[in-house]
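Colleague: Please take one part of this structure and go through it closely for me, with the cut-offs behind each term. I would rather have one connected account than a list.

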Amino acid sequence: LTNAQNTIAGDEIFRGISGGEKKRLTVGEMLFMRQPVMLCDEITTGLDSTTAFRIVEGICRSAKTMQTTPIVTLLQPSPDLIGLFDKILVLCEGHVIYHGPE
């Protein structure tokens, strides 16, 4: 976000920063609050795989450093993304089909 530090985030009228930058800004806001649990609902939807990986990697790294627990929902995550987590829970039509280590 360094290159966007002096840019207004934007709204429905003014474009502002990009969608990926808005997602990173949202993650930054959540980390700044230093809550014991961080909820991220589909934080990577609409992003390319590299950006998605960097965001999830940052969440996981920050969670360990700040001793918080991220709860992240992902739609069709890549194996690389799944590998970033200590534990995963996979649901199918509301039923648990896997819970355990990645």
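Modeller: Glu42 sits in the loop that links β1 to α2, where helices (H or I, at least four residues) and strands (E, at least two) are DSSP runs numbered from the N terminus. This is a predicted model, in which local features need pLDDT of at least 70 and side-chain atom pairs count only at pLDDT 80 or more, while totals for chains, interfaces and linings use all residues. Residues are numbered from 1 along each chain as its sequence is written, and side-chain values use heavy atoms, with hydrogens and water left out.

Although Glu42 is not a glycine, its phi is positive, at about 50°. Most residues other than glycine have a negative phi. Glu42 counts as partly exposed because its relative accessibility is 33%; buried means under 20% relative accessible area, exposed over 50%, and partly exposed in between, with a 1.4 Å probe and protein chains only.

On one side of this loop is β1, residues 37-41, whose covered face carries Met38 and Cys40, whereas Val37, Leu39 and Asp41 belong to the uncovered face. Strand β1 runs parallel to β2, residues 69-73, and 5 bridges join them (two strands pair if DSSP finds at least two bridges between them). Leu39 has Ile71 of β2 as its bridge partner.

On the other side of the loop is α2, residues 49-66, which together with β1 and β2 forms a right-handed β-α-β unit. Right-handed here means that, with the strands pointing away from the viewer, the path from the first strand over the helix to the second runs clockwise.

Helix α2 also packs with α1, residues 19-33, at an angle of about 5° and with the axes 11 Å apart; axes are lines fitted to C-alpha atoms, for helices over the stretch in contact, and angles run from 0 to 180 degrees between N-to-C directions. The two helices are therefore roughly parallel, a term for angles under 35 degrees, with over 145 counting as roughly antiparallel, 65 to 115 as roughly perpendicular and the rest as oblique. Gly20, Lys23, Arg24, Val27 and Leu31 of α1 make the contact with Thr51, Ile55, Ile59, Ser62 and Met66 of α2, contact meaning heavy atoms within 4.5 Å. The residues of this contact comprise 5 nonpolar, 3 polar and 2 charged (Ala, Val, Leu, Ile, Met, Phe, Trp, Tyr, Cys and Pro count as nonpolar, Asp, Glu, Lys and Arg as charged, and the others, Gly among them, as polar).
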